[in-house]
Amino acid sequence: RQAYFSWEHHVSRELNYYLPMPNNVQTKAALPFLKKEYESFIKAVEQWVGKKITDEDLDRGIEIMNRNRQLMRRVYETRKAEMPPISGLEAMYMVVSSQLTHKEEHSDVLDELLKNELPGRTVGGEDDIRLMSVGSENDDIEFTEMVESVGGRIVIDDHCTGTRYFWSEVVPQEDRLAAIAERYIQRTACPTKDWPVRSRFEQIKNFIRDFDVKGVILVQQKFCDPHEIDFAALQDMLEEIGIKTLALEFDVTVPLGPFRIRVEAFLETLGGEELF
């Protein structure tokens, strides 16, 4: 929010629009609130471009976004294999690039990847330990590369630069804006929105089971208080189902050497254990 108002103050643009998100998405008011905000936003965009946004336009947008989400989920599903065809680093590149590039072009590349490149491909070694990464965001190339160079294999994640971005789809309905709002309200939440009920913990448990995860790395971005509070309860939950965790605090610069020692020690504690 502060970044937006700073941008508005210092940089002149034809369209400056702040689109809020309901703070408590678990209330009955969240859906009608967000739908109304979308209606206001559409009016502002229509005035800016001088064109009416029709139901057909919204349907096309929903279809484009859903196709991209479906394809990325299919790529993630391949990581359930005993020898995954794509690394955690490559999966991270895939999701972050989707946030930055034209969706239809990105989807076409993914379609080609699934048809021609992933079948028969494997990465890593047979003894790699299957890990899940959990946190606010993790787009740190050097860290992810390091984890997978010392015997870890990140096969699934719970990040806003990962599954939270694309895992759920918009379910089409007659009221297009309600459908879009419902998707954003019901998607896997970050801790800032995941209260009073911690709804995403069950999703994390399902990921651990479905992707045969042996250990979880908790990525704490410094000063991200919601995740810092959330991790205590999450570690308790994971301990109850027999999953060990490694908590690491990230800052602007990542202490890769010390982190490497801690990751190696963590992997050593997981070696050869059957947790399920």
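The largest pocket of this predicted model encloses about 870 Å³ of space. On a 1 Å grid over the protein atoms alone, a pocket is an open set of points with protein on both sides within 12 Å along at least five of seven lines, whereas a cavity is a set of points where a 1.4 Å probe fits but cannot get out; lining residues have an atom within 4 Å of a point. Grid points are joined across faces, edges and corners, and a volume is the space filled by probe spheres set on the points. The pocket is lined by 26 residues, of which Tyr38, Phe41, Met65, Ile180 and Tyr184 are the closest to its centre. Two or more lining residues come from each of helix H2 (30-49), helix H3 (55-77) and helix H8 (176-186), and H3 gives the most, with eight residues. Helices (H or I, at least four residues) and strands (E, at least two) are DSSP runs, numbered from the N terminus. By character, the lining of the largest pocket comprises 18 nonpolar, two polar and six charged residues. Here Ala, Val, Leu, Ile, Met, Phe, Trp, Tyr, Cys and Pro count as nonpolar, Asp, Glu, Lys and Arg as charged, and the others, Gly among them, as polar.

Residues are numbered from 1 along each chain as its sequence is written. In this predicted model local features need pLDDT of at least 70, side-chain atom pairs count only at pLDDT 80 or more, and totals for chains, interfaces and linings use all residues, while side-chain values use heavy atoms, with hydrogens and water left out.

One cavity of 30 Å³ or more was found. The largest cavity holds about 110 Å³ of space, and 13 residues line it, with Gly88, Met92, Asn138, Asp157 and His159 the closest to its centre. At least two lining residues are supplied by each of helix H4 (88-100) and strand S2 (152-158); H4 provides the largest share, three residues. Four nonpolar, seven polar and two charged residues make up the lining of this cavity.

The structure contains zero disulfides (a disulfide being a pair of cysteine sulfur atoms within 2.5 Å). For cysteine 160, the closest cysteine sulfur belongs to cysteine 190 and lies 6.9 Å away, too far for a bond. Cysteine 190 also carries the closest cysteine sulfur to that of cysteine 224, at 6.7 Å, again too far for a bond. Cysteine 160 is partly exposed, with a relative accessible area of 34%, where buried means under 20%, exposed over 50% and partly exposed in between (1.4 Å probe, protein chains only).

Tryptophan 195 occupies the loop between H8 and helix H9 (200-210) and is partly exposed, at 33% relative accessible area. Although 171 residues separate tryptophan 195 from asparagine 24 in sequence, their C-alpha atoms are 7.3 Å apart. Contacts (heavy atoms within 4.5 Å) link tryptophan 195 to Asn23, Asn24 and Gln26, not counting residues up to four places away in sequence. The tryptophan 195 side chain also reaches the backbone oxygen of threonine 192 at 2.8 Å. A cis peptide bond, with omega about 0 degrees, joins tryptophan 195 to proline 196.

Two non-glycine residues with positive phi complete the description. Aspartate 212, in the loop between H9 and strand S3 (215-221), has a phi of about 55 degrees and is partly exposed, at 33%. Phenylalanine 223, in the loop between S3 and helix H10 (225-240), has a phi of about 75 degrees and is exposed, with a relative accessible area of 68%.

Notes:
Polar contact = N/O pair within 3.5 Å; in protein donor to acceptor, adjacent residues only side chain to side chain.
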